[in-house]
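Subject: A structure for you to look at

Hi there,

Here is the structure I promised to pass on. Have a look at it first, and then read my notes below with the picture open beside you.

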Amino acid sequence: MSEVISVVARRRRWPVEQKLALVEELSRPGASVAAVADRHGMSRSLLFDWRRQVREGTMPGVVRADGAPTLVPVRVVEAAASRQAPCAPLPSRGPVVRPGKAAAMVEVVLTNGRVLRVSEMIRPEVLGRLAAALDA
């Protein structure tokens with residue numbers, strides 16, 4: 001008597017959002033490709049490929065906006081009295097002078113935990129380059 005196996009294994013389809021979430025998980029402190037791949041039951045080489053594609057801007061379904069302003073989630077919080085004073089604003093071309101009003105500071109918390117404090121007058125493309133360099 002023979003046993004017939006009728007189940008056909010199919011490739012998993014990974015939505016772009018899920019790919020990006022897994023690659024982002026790799027950027028967390030202490031994360032490793034092996035641990036993330038094992039946790040999600042996937043090939044380690046697939047994660048290496050996705051990470052390379054994101055870095056090079058070649059991942060299908062992802063459009064890279066070089067130099068273009070990008071919308072990001074923002075959360076406004078009250079400044080705590082115990083926090084240290086914000087750093088001096090970064091110089092930018094053609095600063096806008098507002099008599100009697102100091103430039104507001106923007107605090108950006110990157111995915112790796114680093115914090116950027118910049119002037120509200122910073123150009124978006126400069127902020128984008130700073131964030132990309134420090135978040136790597």
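Val54 is a good place to start: this residue lies in helix α3. Is Val54 buried, partly exposed or exposed? With a relative accessible area of 33%, Val54 is partly exposed, because the partly exposed class runs between 20% and 50%. Val54 also shares in something you can look for on the outside: together with Leu20 and Val62, Val54 makes a nonpolar surface patch of about 180 Å². Please keep in mind as you read that this is a predicted model.

Now stay with helix α3 and look for Trp50. The chain has one aromatic pair. Its partners are Trp14 and Trp50, whose ring centres are 5.5 Å apart. The planes of the two rings stand at 75°, so the pair is edge-to-face; the cut-off for that label is over 60 degrees. Which parts of the chain does this pair tie together? Trp14 lies in the segment before α1 (16-26), while Trp50 is in helix α3 (residues 44-56), so the pair links parts that are 36 residues apart in sequence. Both Trp14 and Trp50 are buried.

Next, the strands. Met105 belongs to strand β1, which covers residues 105-109. Met105 is partly exposed, with a relative accessible area of 27%. If you compare Met105 with Ile122, their C-alpha atoms are separated by 9.7 Å, and the two residues are 17 apart along the chain.

Ser119 sits in strand β2 (residues 115-119). How exposed or buried is Ser119? Its relative accessible area is 1%, so Ser119 counts as buried, because the limit for buried is under 20%. The side chain of Ser119 has a partner too: it reaches the backbone nitrogen of Met121 at 3.0 Å.

Finally, step back to the whole chain. You can count four helices and two strands, and from the N terminus they follow the order α-α-α-β-β-α. There are 136 residues in the chain, and 15% of them count as buried. The chain exposes about 11,000 Å², with carbon and sulfur atoms supplying 57% of that area. As for contacts between residues at least 6 apart in sequence, 39% join residues at least 24 apart.

When you have the viewer open, try finding the pair of Trp14 and Trp50, and then the patch of Leu20, Val54 and Val62.

Enjoy exploring, and best wishes!

How values were computed:
Residues are numbered from 1 along each chain as its sequence is written. This is a predicted model: local features need pLDDT of at least 70, side-chain atom pairs count only at pLDDT 80 or more; totals for chains, interfaces and linings use all residues. Side-chain values use heavy atoms; hydrogens and water are left out. Buried means under 20% relative accessible area, exposed over 50%, partly exposed in between (1.4 Å probe, protein chains only). Contact means heavy atoms within 4.5 Å. Accessible areas come from the Shrake-Rupley method with a 1.4 Å probe; for residues, only the protein chains shown count as cover. Rings of Phe, Tyr and Trp (its six-membered ring) pair if their centres lie within 6.5 Å; planes under 30 degrees apart count as stacked, over 60 as edge-to-face and the rest as tilted. Patches are made of residues with over 30% relative accessible area and no salt bridge: like charges are joined within 9 Å, nonpolar side chains (Val, Leu, Ile, Met, Phe, Trp, Tyr) within 5 Å. A salt bridge is a side-chain nitrogen of Lys or Arg within 4 Å of a carboxyl oxygen of Asp or Glu. A polar contact is a pair of N or O atoms within 3.5 Å; within protein, one must be able to donate a hydrogen and the other to accept it, and residues adjacent in sequence count only if both atoms are side-chain atoms.
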